[in-house]
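User: Please examine the salt bridges and the nonpolar surface of the model shown here.

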Amino acid sequence: MTSTNTVGPSDEVGAYPNGSTELGLNQWTVLSYAYALLCVVGLGYFLFDSPIQVSDGFTNLTKAANGTLGSLVYSEFFQRGYLRPLLWGHTRVLFDLSSGHYFEWFRGWHVAQVALLSVLFVRLVRPRTLLAAAVVPLGLSVLVGMHTFAGAIREAFPINTFMTIVLCSFAAADLALGQPRWWRDVAAALLLVFAALTVESGLLVAVVGVAAYLAGAKGVSRYGVAAQVVLITGYFLLRFVLQIGAPGLEERSSGFGFSSLEPDELVARFGSNPTPFHAYNVLCSILSLLFSEPRGGTFVVTSALVRGELPPAGVVNVVSSVLATMMIVLFVWRRRDDWRVRRFDRADQLVIVFGAVALANAAISYGYSKDVILSPAGALFAVALTVSARHALEWIGGAPRLRVATSVALLAVLSAGWGVRSVSAHMWLRAGAATHAEWAYIDSWLERQGQVLSDPFAIDLKRRLQNDAVSRHPMRPALRDDAVWWFYEP
Amino acid sequence: MNREPPNRALAVLAITAPSLLATVAVLTFLALDLAGRTPLSHGPVRNIAEAAFLAQGSEVLRLFRAREDPMRAWPVRPEITSSAVMRVTALEAAVWSRRAQVIELFDRQAAIVDDETRRHLLCLAHDLRVQEVIDYLSQRATADCTPGEALEIVLARSREAEAGGASR
């Protein structure tokens, strides 16, 4: 099979187009990076307000601090439920580096991850013209405002795994879409090993590489892509040898229809034949990515509408997602002739990578529906929308007046909707004062968990983290419910 | 820079302006927050009683550790309490928060110093019909409450404070 990587309408022609330098920088690129930095400042401010959470935060740190780094990572290869040794390694490395300044290092690392993600986003969409730079604010609003991204910023684990995998997916796309270099093959392989051994959804890194290659991207060579396939095979073999299974129905509740089913209800309903439930989850994941409905397997907005309610945030989510999906579909439709003859430009490749990751991400969500599991595909949705919107702007200049008027109105609604979602994401972070409260009530929480801290290290760690959350970084004023209720989702 | 056709310029404005405005809104919020004038909020809590009223456990703990007295009657802003209550102890405010965990937090800090205080809180919880708090306090106290009496103590204190404020 051959693929031709040609220059399409959205790509610039020439060695250094539009006054860009060898590094690919021109005034529009610099402006886009500057804007992304402003967004990082905004999001970083809210992120740095949240202390490390108690559940899966404090408890994970007490575990990560045990033994040596090597023994910790090694022991994680023999867990029955999950294969995530490098998540623990990552946590331990940062723990050791922090020298007791846990809040600063772990929360600072979360902010640094957001900064890196923003840089990669701008690198991927490559804004080198006015039109390309004009869609960057929309793209960043989608990235931050996408419901699948919420867990990547709201969950204040020591290391936010979801954010790590979103970053790895972007980095994989960046490697794949660059100039061919031998080191990209090596970097892509290392990235895949790191991501896959961090959390199961890290396997999507390979999907990015393979999809980009099939769409004509040559940053990673065919040998590099073959290595990725070998590594994936090795990963599944490893899971088989170590007898690591997949989560069963009895492990957690999951949305179904208009409500949520508890594990025992899931077992009663689908225990003998889980295939329909798995198919439901895959389908719901795709719908959720494209239309923001259902959420976590539950049709929340539809349910509210059936009850005669009109939840503002839910409606904004659905309308903005529908318009965004329409824009991507329109892009695909307008590029169909080139796609038929396998002529792909960078924008095409990014949209194809999004499509492949969306399908793969939905497939690995078969066990249960959860928004944040879809975070890699959700982040690539933002990339796909950005390049599609740029294409729409290029096309709109020569369109008839009525069509232009309609398009402008729809673009304004689209951008406004995502603007609201982006602001909502920030407000939700502020509303997450619950993380501070967790530390006030940690003793009650430990009692309910049946845990008694006897290890002096754990007692000291609890004291330090509680002091961080309560006194050193106290919660800022809570938002009034009556002022922000319309941000809240149903 | 090339001049864009008017159609396209309009489209660029439509797609860029709302998202830019959202970022400006976030950065404005951030600037005001840093300046101590948090929009869409009541501002920082002024004392341990306000923190308890709003069930802000971490603020309760912080102010308790800063030695604010939970037994003292503190002034609370009417926009926070939304009622005739203007002067309460932090323990009474915890009952008003309707969350047993706030009361429990005080209990863990040994802030409920005697049986009399515990009985008063239990009666107040009865007056306010806060079952969650009644259940918690009933574990270590029984009370023969006169309906409305505990609530009246708090309201009288508030009226007194208001009259004092008015006369000044």
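The following exchange treats the charged pairs first and a surface patch afterwards.

Analyst: This is a predicted model, in which local features need pLDDT of at least 70 and side-chain atom pairs count only at pLDDT 80 or more, while totals for chains, interfaces and linings use all residues. Residues are numbered from 1 along each chain as its sequence is written, chains are lettered from A and ligands numbered from 1 in the order in which they are written, and side-chain values use heavy atoms, without hydrogens and water.

User: How many salt bridges does a search of the whole structure find over all chains?

Analyst: A salt bridge is counted when a side-chain nitrogen of Lys or Arg lies within 4 Å of a carboxyl oxygen of Asp or Glu. Over all chains, the search of the whole structure gives 30.

User: By about how much of a helix are Asp468(A) and Arg472(A) separated?

Analyst: The side chains of these residues, Asp468(A) and Arg472(A), form a salt bridge at 2.4 Å, N to O. Asp468(A) is buried at 6% relative accessible area, whereas Arg472(A) is partly exposed at 42%; buried means under 20%, exposed over 50% and partly exposed in between, with a 1.4 Å probe and protein chains only. Both belong to helix 23 (residues 456–472) of chain A, and because they are four residues apart there, the separation is about one helical turn.

User: Is Asp33(B) buried or exposed?

Analyst: The side chain of Asp33(B) meets that of Arg476(A) in a salt bridge (4.0 Å, N to O). This pair crosses between chains, from helix 1 (residues 6–34) of chain B to the loop between helix 23 and helix 24 (481–484) of chain A; helices are DSSP runs (H or I) of at least four residues, numbered from the N terminus. Arg476(A) has 29% relative accessibility and is partly exposed. Asp33(B), at 3% relative accessibility, is buried.

User: What is the N to O distance between the side chains of Arg159(B) and Glu152(B)?

Analyst: Arg159(B) is partly exposed at 45% relative accessibility, and Glu152(B) is likewise partly exposed at 35%. Their side chains meet in a salt bridge, with an N to O distance of 2.3 Å.

User: What is the approximate area of the nonpolar surface patch that includes Trp105(A)?

Analyst: Trp105(A) lies in helix 5 (residues 102–125) of chain A and is partly exposed at 36% relative accessible area. Patch residues have over 30% relative accessible area and no salt bridge, and nonpolar side chains (Val, Leu, Ile, Met, Phe, Trp, Tyr) are joined within 5 Å. Accessible areas come from the Shrake-Rupley method with a 1.4 Å probe. Together with Leu69(A), Val93(A) and Leu97(A), Trp105(A) makes a patch of about 340 Å².

Definitions and conventions: Patch = residues over 30% accessible without salt bridge, like charges linked within 9 Å, V, L, I, M, F, W, Y side chains within 5 Å. Helix = DSSP H or I, 4+ residues; strand = E, 2+ residues; numbered from the N terminus.
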